[in-house]
Amino acid sequence: MTEAGTRAHVRGATTGKSPEEAFNGEETIIASSPFSRRRERLEAHLIVIAHPQQRCLGRRYRLTPGAVLEVGRSVDAQVCFPEVPSISRRHARISYLADGVCLEDLGSRNGTYLKNHPVDGLQRLQSGDRFQVGSVVFKFLLEEDAENAYHEAIYQMVMCDGLTDLFNRRKFQEELDREYARSRRYGRPLSLIIFDVDHFKNINDTCGHLAGDSVLKGLARTVKALTRQEEIVARVGGEEFAVLCPETHATGARRLAEKLRAAFEAELFDYHGGSLAVTCSFGVGAVDEVMSTSADLYAAADRALYRSKNEGRNRVSFDG
């Protein structure tokens, strides 16, 4: 490939694979023009960390100095996602310029977002930045040790949800098992809050999946701001979240759940084209002498969540 414009060369298909499988060296390489292959500047990497169908996770695009690539649904785009309707045919452009790597929206229908803010004009990327094109989220890396940075990013993907940056279901289960065992062994209190968005399907159907994504990210930011460092917050399902509360009795967990419920009810969640008011339903469970496994604690909180939904939603219920 000798053109100044870049083209994508795919080695191995990662579609449909988990982050652990994507870690197997299968990647997408973006080649630059020959005159830009000098090593004075660092190689940049784009990694897919969230996809609406959980496809391509962990796929890597390399970008060398002087290279330009476009993201879109068009088959002419170097980074092509024909299966994602929220992405425009020519959606965004990433350019490795003399003063750094810049992101630009190409007049897309749904916008391009950097750190949850719409991209207007050329915006320079910093290593570690996350940006969203339609409902696909990328992580940008520009590191001296590119391979180590890539492996670290994949390791984070195994633990964290790419859209909200909260722990994922797998990591949450590990923490739940560990904290439950500690609670049983030392007789310490442990509580669990589970909540989900009321009528979330209606949001997706009426306002679009990008609006739903904005709500989920907004909820994640709020719950992180209102919980303590030792409390473990995770996205455990599509619109379902969990907060594990070590050293917390049922009364304290119910108080936290009510605080979160009120905060969500009062907040407006912005998305491309408007804002939304949402509510959430909560279930709270606490370790007691009858429980024998961590699954019992989860089941108790889940039963309480369904009680909240059956009794009118936007409320906190406790199973105990």
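Me: Before we start, what counts as a contact here?
Reply: Contact means heavy atoms within 4.5 Å. Keep in mind that this is a predicted model.

Me: OK, so which residues of helix 5 and helix 6 meet?
Reply: From helix 5 you get L219, T222, V223 and L226, and they meet L256, K259, L260, A263 and F264 of helix 6. Sorted by type, the residues of that contact are seven nonpolar, one polar and one charged.

Me: Those helix 5 numbers hop along in small steps. Why would residues three or four places apart point the same way?
Reply: An α-helix has 3.6 residues a turn, so residues spaced like that end up pointing the same way.

Me: And at what angle do helix 5 and helix 6 pack?
Reply: About 140°, with the axes 11 Å apart. That angle makes helix 5 oblique to helix 6.

Me: Is that crossing left-handed or right-handed?
Reply: Helix 5 passes helix 6 in a right-handed crossing.

Me: What about helix 4 and helix 5, how do their axes cross?
Reply: Helix 4 covers residues 200-207 and helix 5 covers residues 209-226. Their axes come within 6 Å and cross at roughly 135°, so the two helices are oblique to each other.

Me: Which residues meet there?
Reply: F200, I203, N204 and C207 in helix 4 meet H209, A211, G212 and L216 in helix 5. Five of the residues in this contact are nonpolar, three are polar and none is charged.

Me: Switching topic: how do helix 3 and helix 7 cross?
Reply: Helix 3 (residues 169-186) and helix 7 (residues 294-310) have axes that come within 9 Å and cross at roughly 115°. That makes helix 3 roughly perpendicular to helix 7. The crossing is right-handed.

Me: Who makes that contact?
Reply: Helix 3 brings R169, F172, Q173, L176, D177 and Y180, while helix 7 brings S294, L297 and Y298. By type, they split into five nonpolar, two polar and two charged.

Me: Last one, helix 2. What span should its 14 residues have?
Reply: At 1.5 Å a residue, helix 2 (residues 146-159) should span 20 Å. The expected span uses one less than the number of residues. The end C-alpha atoms of helix 2 are 20 Å apart, which agrees with the expected value.

Me: And which of the helix 2 residues are buried?
Reply: A146, A149, Y150, A153, I154, M157, V158 and M159. Buried here means under 20% relative accessible area.

Terms used
Residues are numbered from 1 along each chain as its sequence is written. This is a predicted model: local features need pLDDT of at least 70, side-chain atom pairs count only at pLDDT 80 or more; totals for chains, interfaces and linings use all residues. Side-chain values use heavy atoms; hydrogens and water are left out. Helices (H or I, at least four residues) and strands (E, at least two) are DSSP runs, numbered from the N terminus. Buried means under 20% relative accessible area, exposed over 50%, partly exposed in between (1.4 Å probe, protein chains only). Axes are lines fitted to C-alpha atoms, for helices over the stretch in contact, and angles run from 0 to 180 degrees between N-to-C directions. Angles under 35 degrees count as roughly parallel, over 145 as roughly antiparallel, 65 to 115 as roughly perpendicular and the rest as oblique. Ala, Val, Leu, Ile, Met, Phe, Trp, Tyr, Cys and Pro count as nonpolar, Asp, Glu, Lys and Arg as charged, and the others, Gly among them, as polar. A crossing is left-handed if the near helix is turned anticlockwise from the far one by less than a right angle, and right-handed if clockwise.
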